[in-house]
Amino acid sequence: MDVATPNITFDEEDSQIQLSGHSLRNDPGPFDPSVLYDQDEHISSAVWEGLERGALRCHEHTSKLEEWKLTGKQLELVEKAGFKYFRKIEAFSLDNQLISALVERWRKETNTFHLPGGEMTITLDEVALNLGLAIDGEPVVAVELEDSSAIPICEKLLGKKPTSSDRRGGFLKLSWLKDSFSHCPDVAPLEQVEQCTRAYLLYLVGSTIFSTTSGNTVPVIFLPLFEDFDKAGKYAWGAAALAFLYRALGNATSKSQSTISGCLTLLQCWSYWHLNIGRPKLNQGQAHDTFPLALRWKQKLSGLRSKCDVVQYRKALDSLQPCDVEWQPYHDMDEIVPEDIKDTLILGRSRTTLICLDKAEKHLPDRCLRQFGFNQPIPQEVPQWKGIDGEADQTKSIASSCEDWSKHRDQIVEGDDRVDDSEYLLWYSNITRKFVGRHTSLESMFRQTVAGMTKMLELAKTLSRDDMFLVNQKAVENIKNILSESLKNPFSNSKGKLPTKGSKKRKLIDI
């Protein structure tokens, strides 16, 4: 098969061949790097260069939650602590391939997904609706504990000491909690009931909203938060869960990361509600009055689950059409949302700081106003924000974040009917990463390039130099030499391998 021959120019000074009318690489952006300033470290850069990491390992440890048998008194304490609705979700089947493709679209610079039609994100109101957790209340903060503190804290609040095989430093094994506390006797005294309930709550958050990449363990630092059940019920657990998930998503966008933690049930449900990609079909006649809303996606589904891989999901996201996006999927669900949850949903539009222990993340609904039925203006600039993560000035930084959170009800973003989306979309096209995967694979492009270079070399060899000026003769000879050298072993460096993540100093929690 003949290969079309492009026009060739040669820059003798730079020894570079320029191919006019033949683009070897389309630039996916961003053209203006002021917003996505960490692009070079983002997984999408590696994917573009042909370095695939495959599906992420998803750390959510919910399979054993159903083995906990709670008494009536325990259920009362769980409700008092703020987990009345959330405990109903229990085990959830995750689509690792879909989650991995979504991570490739997440940007920690803005805490949003950068999709073809604009930015979208998981907002506070969606946490309340899908998980039934409080998004209003006191921030979930705690003091740092020494690893040696785990034993006395457990003895005080659980009535039992973990052995060295039951813990890893300041982390307790989930298996120890389940084996030791999952069956509380009906006639147990109140103290034992409270101890078993604290163990359950620690297991619950450690296997779901605060799951970590450090194995089937949970940081003991959460245990003191359940000492007083009434006080526990005043925490904004949903806001903490979202802060934790934002951080986990940001970490997972690193080229060297191979795992992800946090509340992946929330992430997957968010995708099902908003994007017609990998979404299962609900059975006809199925009850739609369940709360929290994540339960809808747990019920029996019609047909087989989509068996797409990361590459297929990536292509679907790269070519996402407006008709595949549901901006406001919850608009007709008022009747099934409990009043205590409904009263706080306006906080989905709060531009504030989310806090989880020593970690703080920005909540920026002003970048995703179409999710609230408004037109989208160009959002205000986001200062370069790395997130707070247990650094030396942690106390001061967390105090500042807590102050910002204390004003979250006063920082509600409003829409403007005079705004036209077109101005935003033009701006967005310049600052975003347009697509993650190449339309043509690197291997195919490489082979096309080799074929073209081979044809060029053949043409160069057949050129008559008798009537050429000396400078042109030298140029042709240089072209031949460069092509010959390049074609000696063209596939020697055609494949790459992503580096693995090195060990890092542990913070309060490894996400």
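Of the 511 residues in the protein, 49% are buried, that is, under 20% relative accessible area with a 1.4 Å probe and protein chains only. The model is predicted, so local features need pLDDT of at least 70 and side-chain atom pairs count only at pLDDT 80 or more, while totals for chains, interfaces and linings use all residues. Residues are numbered from 1 along each chain as its sequence is written, and side-chain values use heavy atoms, with hydrogens and water left out.

The protein has 16 helices and 15 strands; these are DSSP runs numbered from the N terminus, helices being H or I of at least four residues and strands E of at least two. Among contacts (heavy atoms within 4.5 Å) between residues at least 6 apart in sequence, 79% join residues at least 24 apart.

One open sheet consists of three strands in the order β7-β8-β9, with antiparallel pairing; two strands pair if DSSP finds at least two bridges between them. Both β7 (167-168) and β9 (217-219) are edge strands with a single partner strand each, so one side of each lacks a neighbour in the sheet. Two bridges join β7 to β8 (residues 171-173), and Arg168 stands opposite Phe171 in β8. Helix α6 (residues 174-181) packs on this sheet, touching β8 and β9.

Further along the chain, β13 (residues 352-356) pairs with β14 in the antiparallel sense over five bridges, and Thr353 stands opposite Lys362 in β14. The two strands form a hairpin with two residues between them, and Leu357 in the turn has a positive phi of about 55°. Strand β14 (residues 359-363) is largely enclosed by the rest of the structure, because four of its five residues are buried.

Notes:
Axes fitted to C-alpha atoms, helices over the stretch in contact; angles between N-to-C directions. Buried < 20%, exposed > 50% of the residue type's maximum accessible area, 1.4 Å probe, protein only.
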